[in-house]
Amino acid sequence: MIKDKLENAEPYGRLGAGVARALEFLRTTDCVTLAPGKHEIDGQRLFAVVQRYQPKPLAQAAWEAHHRYIDVQYVAQGSERIGVTSFRPDLPIAKPYDPQTDLIFFDTTGDWLMLHAGEFAILTPSDVHAPGVAPESGSGEVVKVVVKIRVDERHPATGF
């Protein structure tokens, strides 16, 4: 997992062409004005999902991971907490993997970090995460763009 400000994103492009294109999309797009929903960048290999929502209470946190996509989660407006822990084979599964949604849910906990407007997190298939959680002090509406990058099948653990 990587967390940083979008203004510092350039070096992360070295992680691969998909990451470079995702970060370039975020740097060159007015994400706050994008309509909610899916925005194709390169078909199913690279696309953005724009979300507008009120962050959920900590008690509703859902710990998820993906097999086929890397997430670049960018908060364009507002703030949220995101839980992060590393995948381990012994993590209890709350809901089995669904290939249609590329989601598996776990019954686990982890560390919490804040994502403020202008910050992003890069989450690989080995990063179990719980996004969209309200900060302890409460929060207004969040506008978040999740750029999905198809995993490089030669490197399934990290996707790069």
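Start with a hairpin: strands S7 and S8 form one with four residues between them, and in that turn Asp102 has a positive phi of about 55 degrees. Keep in mind that you're looking at a predicted model. The two strands of this hairpin run antiparallel and are joined by three bridges. Strand S8 covers residues 103-106, and one of its residues, Phe105, stands opposite Lys95. How many of the six residues of S7 are buried? The count is zero, so S7 is hardly covered, given that buried means under 20% relative accessible area.

Just before S7 comes a loop, running from strand S6 (79-86) to strand S7 (93-98), and that's where you'll find Arg88. At 37% relative accessibility, Arg88 counts as partly exposed. Try finding Gly138 from there: Arg88 and Gly138 are 50 residues apart in sequence and 31 Å apart in space, C-alpha to C-alpha.

**The sheet**

Now for the six-stranded sheet. It is open, its pairing is antiparallel, and its order is S1-S10-S5-S12-S3-S2. Which strands stand at the edges? Those are S1 (2-5) and S2 (37-42). Each has a single partner strand, so one side of each is left without a neighbour in the sheet. From one strand to the next, the twist averages 20 degrees.

There's a hairpin here too. S2 and S3 form it with three residues between them, and Gly43 in the turn has a positive phi of about 55 degrees. S3 spans residues 46-53 and is joined to S2 by five bridges. S3 also runs antiparallel to S12, and eight bridges join those two. Here are some residue partners you can look up in the strands just described:

| Residue | Partner | Strand of the partner |
|---|---|---|
| Glu40 | Phe47 | S3 |
| Lys38 | Val49 | S3 |
| Leu46 | Ile149 | S12 |

**The helix on the sheet**

Helix H1 (residues 17-28) packs on this sheet, where it touches S2, S3, S5 (69-77), S10 (119-123) and S12 (142-150). The direction of H1 makes about 155 degrees with that of S12. With its 12 residues, H1 reaches 16 Å from its first C-alpha to its last, close to the 16 Å expected at 1.5 Å a residue.

Which residues of H1 are buried? They are Val19, Ala22, Leu23, Phe25 and Leu26. Look down the axis of H1 and these buried residues fall within an arc of 155 degrees, so they line one face of the helix. The spacing makes sense, because an α-helix has 3.6 residues a turn and residues three or four places apart point the same way. What covers the buried residues of H1 includes S2, S3, S5, S10 and S12. Over on the other side of H1, Ala17 and Thr28 are exposed.

**A pair of tryptophans**

Finally, check out the aromatic rings. The structure holds four aromatic pairs, and one of them is Trp63 with Trp112. Why is this pair called edge-to-face? The ring centres are 5.4 Å apart and the planes stand at 65 degrees, which is over the cut-off of 60 for that label. Trp63 lies in strand S4 (residues 63-65) and Trp112 in strand S9 (residues 111-116), so the pair ties together parts that are 49 residues apart in sequence.

Is each tryptophan buried or partly exposed? Trp63 counts as buried because its relative accessibility is 6%, whereas Trp112, at 32%, counts as partly exposed.

Conventions:
Residues are numbered from 1 along each chain as its sequence is written. This is a predicted model: local features need pLDDT of at least 70, side-chain atom pairs count only at pLDDT 80 or more; totals for chains, interfaces and linings use all residues. Side-chain values use heavy atoms; hydrogens and water are left out. Two strands pair if DSSP finds at least two bridges between them. Axes are lines fitted to C-alpha atoms, for helices over the stretch in contact, and angles run from 0 to 180 degrees between N-to-C directions. Contact means heavy atoms within 4.5 Å. The expected span of a helix is 1.5 Å times one less than its number of residues. Buried means under 20% relative accessible area, exposed over 50%, partly exposed in between (1.4 Å probe, protein chains only). The arc is that of the directions from the helix axis to the C-beta atoms. Rings of Phe, Tyr and Trp (its six-membered ring) pair if their centres lie within 6.5 Å; planes under 30 degrees apart count as stacked, over 60 as edge-to-face and the rest as tilted.
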